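The following note sets out some points on helix packing and nonpolar cores for a colleague's consideration. Please read it alongside the sequence and the coordinates.

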Amino acid sequence: MAETAVKEKESVFQFGKKERKLLTDPLNDNNPITVQVLGICSALAVTSLVYPSLVMAIAVIFVTAFSSLFTSLLRNYIPKSVRMIVQLVIIASLVTVVELTLKYLNYPVYKQLSVYIGLIITNCIVMGRLEAFSMANKPWRSFLDGVGNGLGYGVILVAVGVVRELFGKGSLFAGSPIELKIIGPTADYLVNTTDSMLFGWYANNNLMVLPASAMFIIGIMIWIQRSYNTKLVDVS
Amino acid sequence: MESTKYVVIFILILTAAVAISLTGLREATKEQSATNEDIFNKRAILTAVQDYLPNGQKVADLTDEQVLELFAQMKQPVVDMEGNIIEGVKAESIDMAKERKKPEAERRLPVYVYEQDGQQFYILSVRGNGLWDEIWGSVALKSDLNTIAGATFDHKGETPGLGAEIKDNPSFAAQFEGKEIYESDGDYVSIKVRKGGARDPKHEVDGISGATVTADGVSEMLYRGLKYYQPYIDKVKQQSFLLN
């Protein structure tokens, strides 16, 4: 009796320990890419440069966050027999919003990502979260869960992009206004391999440009993550 | 289980709401998006004459307004397959992808005549097939209508790091500079992308390792695409011969 009396009135947007966990869990313990191994297709395909990876990450965060929110708002009204179709309609329309906005704001990046933006619809992370979480949870928590999973995906995407672009092209953020040229054969680069005594032997690794390299990098990331986060190791 | 009626009504309301909001967004962004696309394509065409832009600028340095202004200054004839200029059409209104679907005899070809410091450049558009999908490009000829001043390529779905190098690696397109599309006796040869390295310094460029099919596609595209312009080139040459 006393307990119910002192129980605080929960606000809609409360942000406690549980909510924080919704955001941080997908970054490490339950990462959609390295632990659940979802969304690998686009992680291999778009990560050859950092800038498109970053745009893709933001697009996916937007889609996971708002599709979770809308699904959760409608969760008590969605007919069970067509719930997957309803979820797809929500995801597809949000992806269209992303596509139109990108076309409006930054056409060159839209051209670069065009096919993969459309493929967010089929990204298992998005639908997985809707089925597993939003259909059974309140809107605010679903929204946070969506943001968290989008972030977990985006962090890996950008990390892979940094490795691939740095070793494959010798630059970072190519194609964006803040392009950094780090190592390469001309004077534009920070380390000029044609003049340098120390780095004369250096050449860009062409494998890094190919999607296959992303698989190795993600594999190595999974290895590193599991070597310090031992609770992820499957002992059976 | 919900009744069928409920399911149908729910779906109808949901799709109607989605359709209305997406249409609204599309209408609101349509104009700006079309302008963005237009400028993107125009920048691509200008890349073919990158070395001859005013004040030694690069295409990336130009503002959108400058790009549009340069195009406004250009003569933009559209020619038919016999080399006659079609009146009342501007080159920038030609969609090469649509032209390519027409029978060969009915195709229209865009020409951009770019002038800088009294020199004329003829920018010609070519389109063909790569490994996975279409590839296209612009080739700028100097006023002798033989020497290439610059070229630029793009593609729809070539493999990044391999076939996509035709666009991503500027040194591939840079090889075309100074090549000649005619033999010295006037025979048409076009430019060939040669696997294993160019042997003929005038008419061949180095291929890309791992992208033989795309490279062959570029050769084929240039051979056919520039051949379509032959009647027009002959006519321009004749005219300038008469004028002199």
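1. Leaving aside its neighbours within four places in sequence, which residues is Ile120(A) in contact with? In this predicted model, the residues concerned are Met56(A), Ala59(A), Val60(A), Val63(A), Val95(A) and Val126(A).

2. Ile120(A) also stands out within the largest nonpolar core, which holds 48 residues. Together with Met56(A), Val63(A) and Ile117(A), Ile120(A) touches the most other members. At least two residues of this core are supplied by each of α3 (40-45), α4, α5 (83-105), α6 (107-118), α7, α8 (139-168) and α9 (211-228) of chain A, and likewise by α1 (4-47) of chain B. The largest share, 8 residues, comes from α5(A).

3. Another core lies apart from that one. This other core has 37 residues, including Val111(B), Phe153(B), Phe176(B) and Leu222(B). As general background, nonpolar side chains in soluble globular proteins tend to be buried together.

4. The pairing of helix α4 (residues 50-74) with helix α7 (residues 124-132), both of chain A, merits its own point. Their axes come within 10 Å and cross at roughly 25°. Angles under 35 degrees count as roughly parallel, and α4(A) and α7(A) are therefore roughly parallel to each other. The crossing of the two helices is right-handed.

5. On the α4(A) side, the contact is made by Val63(A), Thr64(A), Ser67(A), Ser68(A) and Thr71(A); α7(A) contributes Ile125(A), Val126(A) and Leu130(A). By class, the residues of this contact comprise 4 nonpolar, 4 polar and no charged.

Conventions: Residues numbered from 1 in each chain as written. Chains lettered and ligands numbered in written order. Predicted model: local features only at pLDDT ≥ 70, side-chain atom pairs only at ≥ 80, totals over all residues. Heavy atoms only, no water. Axes fitted to C-alpha atoms, helices over the stretch in contact; angles between N-to-C directions. Helix = DSSP H or I, 4+ residues; strand = E, 2+ residues; numbered from the N terminus. Parallel < 35°, antiparallel > 145°, perpendicular 65-115°, else oblique. Left-handed = near helix turned anticlockwise from the far one by under 90°. Contact = heavy atoms within 4.5 Å. Nonpolar A, V, L, I, M, F, W, Y, C, P; charged D, E, K, R; others polar. Core = buried A, V, L, I, M, F, W, Y, C linked by side-chain atoms within 4.5 Å. Buried < 20%, exposed > 50% of the residue type's maximum accessible area, 1.4 Å probe, protein only.
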